[in-house]
Amino acid sequence: MSDIDASRKTGARASARIGRRAALLVAISVGLLIPATPAWAHAQLQTTTPAAGSRLTSAPSSVTLQFSEGVNVTPQGVKVFDARGKRMDLGAARHPAVGATFVVLAPLRPQLPDGTYAVVWRAVSDDAHPVQGAFTFGVGSGALTRVSAPGSAGGGTNLPVSVTFAVIRWSVFCGLALLIGGAAFLLLCWPRGRVDARAKSLLWGGWAAVSGASFLALALQGPYTDGGGLLDAMTASSFGATLTTRFGAVLSLRLVLLGLSAMWLTWQLPRWLPDAPPAPPAPPPKAPAVITGAALALGLLATWPPTGHAGAGSQVALAAPVDVAHLAAMSLWLGGLAMLALTLLPTRRAAHLARALPVFSRLAFCSVVVLIVTGAYQSWRQVGTLPAFTGTTYGRLLLLKLVVFVALIALANLGRRFVQRHYGPARFAAVEAGPEVPAGAVTAGELALVGARRPADRGPPVSRSMPLPLGDDQGLGPVDPRASGRLRRSLLVEVFLGVVVLALTSVLVASAPARNTYHPTARATLTFPAATVRVVVSPARAGQNLIDLQVVDKAGRPLTVAQVRAAVSLPSRRLSQLPVRFERAGPGHWTAAAANVPFAGRWQLSVTVRAGDSSESTVTTTIRIR
């Protein structure tokens, strides 16, 4: 068997291994994306009027919902049903005033009869994710009854739509890394690679992934927020309604910038047929091209914060640029890794590696530093407290992402040391300095790593300014397959871990931040002369809370008392004695289903227990509301 046949078989086996690893990568990534459904958003319902579970003496004229963040609502976003499932609202939900995006008002039919009513609502938060829920209230006397609400707006997001949207987000992140990181690699590290067919294919593949996924996201946003199916994305009404929202406007701008990016790629990637040797050298990039490319990249990156967690909540003015910096560092690092592993290393051209690897090593190091700093800020902003890491789905997903990221950093550090040891300036002294370098300055083993000959055997000297075509290393042989193979395998593992990190990120951006969902239950035990009262306040956050009281005797058995009253006060804001209405839920069990605690702080809860006609006592405790 000839050496050529053996080499072809070895290459075929290597390609098969890469194909199997790619299939495994896709399977793992999709598996990580599936648990992302359904999605919960940033905005949360804080208070309602009428309050959930309340009973009114007279019929209200409207239903008002107060949210923690701004929301968008359609006229059919709030529906009110009576006990027979009949609509009692006017189908005209709206914000009560211009700019009052935190409040939604839904007018009701006049003169509602006595009975129980169910309110089901659905809206889109400022971070483009749907929020939904339901509650009941009563008018007149009598207990609250169960209400059937057909066509409830509180239904969850369609599962196929949610899974598709998660895959779309992952595709956008991967394409963004290939597009921005790949272009930066060719401009800064490997300018001559702009005539390489694989490099150009990778760049255009990234552009196509971002463009196609962004268009699909624009089409699916309507059914994603309204609870519709995949076929609803094809309707003109749904697409048109999305274009009027902030999400639609931002994605439309992104598509325009992607069109300009396509023009920039056409300008910067020389037209070259890969089968027509010898390949001409690509001219070095000029300042206008670099500045234009950087401006387009920043413009693209700036379309992410308004449609994610950085565009809602506190510190938006700081969170938005931090999010852009985080995405830019991710793209430069992972996109450069992919370009290096899939395009430059397979060429095994020593001079190209000599110039590209040290530059990319420094670029990757700076990107990792930016990722660590911006990631720490984002974690603090979205999580808030250490217990929230293990007490919420968002926190646990973030911990998993951090574990994979640490493994990626460790592997990248090994690769950086390998580059410094084998591809640093000292190892290429003989190549760069010409015949003046003594023969003993570089060992034979070091020269073998890059395929260079000893100074005595070398042809014309090579300088940094000498134009090197893609297919000509000016007398330098190909790099040693073993050295380049080790580096390439390490880089492919880094790319794999990076894609896993992006899959976890696509799940996190669709999950409610831990800071919003982590509210530990507040508990207290009050001791009375003849009883003990166990207090549970849930979720112990500003807004409506459930206060549960268990009255027991000294043996821990439920104790029936005549009446339980309570009031809350916040001395730091000079709020005193806000009454809390309790209802009997069973022997020794009292509940306040809609206790309104409007502010965070250390509240004083005063509980009064009347055991008989005249025997009553009051005990006060402190409850922390976050």
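**Figure 1. Salt bridge between Asp 553 and Arg 557.** In this predicted model, the side chains of Asp 553 and Arg 557 form a salt bridge with an N to O distance of 3.2 Å. Asp 553 is buried, its relative accessible area being 17%. Arg 557, by contrast, is exposed, with a relative accessible area of 53%. By the rule applied here, the structure has four salt bridges.

**Figure 2. Salt bridge between Glu 616 and Arg 565.** The closest N and O atoms of Glu 616 and Arg 565 are 3.5 Å apart, and the two residues form a salt bridge. This pair links distant parts of the chain: Glu 616 belongs to strand β17 (residues 616–625) and Arg 565 to strand β12 (residues 563–570), with their positions 51 residues apart in sequence. Glu 616 is partly exposed at 42% relative accessibility. Arg 565 is also partly exposed, with a relative accessible area of 35%.

**Figure 3. Salt bridge between Arg 84 and Asp 82.** The side chains of these two residues, Arg 84 and Asp 82, meet in a salt bridge at 3.9 Å, N to O. Arg 84 counts as exposed, its relative accessibility being 74%. Asp 82 has a relative accessible area of 8% and is therefore buried, the limit for that class being under 20%.

**Figure 4. Asp 196, a buried acidic residue without a salt bridge.** Asp 196 is situated in the loop between helices α2 (159–189) and α3 (197–226). Although buried, Asp 196 has no salt bridge; Arg 198, the nearest side chain of opposite charge, is 4.1 Å away. A salt bridge requires a nitrogen-to-oxygen separation within 4 Å, so the pair is not counted as one. The side chain of Asp 196 nevertheless places a polar atom 3.1 Å from the backbone nitrogen of Arg 198.

**Figure 5. Stacked aromatic pair of Tyr 117 and Phe 137.** Six aromatic pairs are counted in the structure. For Tyr 117 and Phe 137, the ring centres are 5.7 Å apart and the planes stand at 25°, so the pair is classed as stacked. The two residues connect distant parts of the chain, Tyr 117 lying in strand β7 and Phe 137 in strand β8 (residues 130–139), 20 residues apart. Both Tyr 117 and Phe 137 are buried.

**Figure 6. Edge-to-face aromatic pair of Phe 185 and Phe 360.** The ring centres of Phe 185 and Phe 360 are separated by 5.6 Å and the planes are at 75°, so this pair is edge-to-face. Because Phe 185 lies in helix α2 and Phe 360 in helix α8 (residues 350–383), the pair ties together parts that are 175 residues apart in sequence. Phe 185 is buried at 1% relative accessibility. Phe 360 is likewise buried, with a relative accessible area of 5%.

**Figure 7. Hairpin formed by strands β14 and β15.** Strand β14 (residues 583–586) pairs with strand β15 (residues 589–597) in the antiparallel sense, over three bridges. Arg 584 has Trp 590 of β15 as its bridge partner. Two residues lie between the strands of this hairpin, and Gly 588, in the turn, has a positive phi of about 70°.

**Figure 8. Cis peptide bonds preceding Pro 50 and Pro 539.** Most peptide bonds are trans. Thr 49 and Pro 50 are joined by a cis peptide bond, with omega about 5°. Pro 50 is placed in the loop between β1 (45–49) and β2 (55–56). Ser 538 and Pro 539 are also joined by a cis peptide bond, omega again being about 5°. Pro 539 occupies a position in the loop between β10 (532–538) and β11 (543–552).

**Figure 9. Positive phi at Gln 111.** Most residues other than glycine have a negative phi. Gln 111, which is not a glycine, has a positive phi of about 55°. Gln 111 is in the loop between β6 (103–107) and β7 (115–125). With a relative accessible area of 75%, Gln 111 is exposed.

**Figure 10. Cysteines 189 and 366.** The structure contains zero disulfides. Cys 189 counts as buried at 4% relative accessibility. Cys 366 has a relative accessible area of 46% and is partly exposed.

Terms used
Residues numbered from 1 in each chain as written. Predicted model: local features only at pLDDT ≥ 70, side-chain atom pairs only at ≥ 80, totals over all residues. Heavy atoms only, no water. Helix = DSSP H or I, 4+ residues; strand = E, 2+ residues; numbered from the N terminus. Buried < 20%, exposed > 50% of the residue type's maximum accessible area, 1.4 Å probe, protein only. Lys, Arg positive; Asp, Glu negative; His and termini not counted. Polar contact = N/O pair within 3.5 Å; in protein donor to acceptor, adjacent residues only side chain to side chain. Disulfide = S-S within 2.5 Å. Pairing = 2+ DSSP bridges. Phe/Tyr/Trp six-rings, centres within 6.5 Å; stacked < 30°, edge-to-face > 60°.
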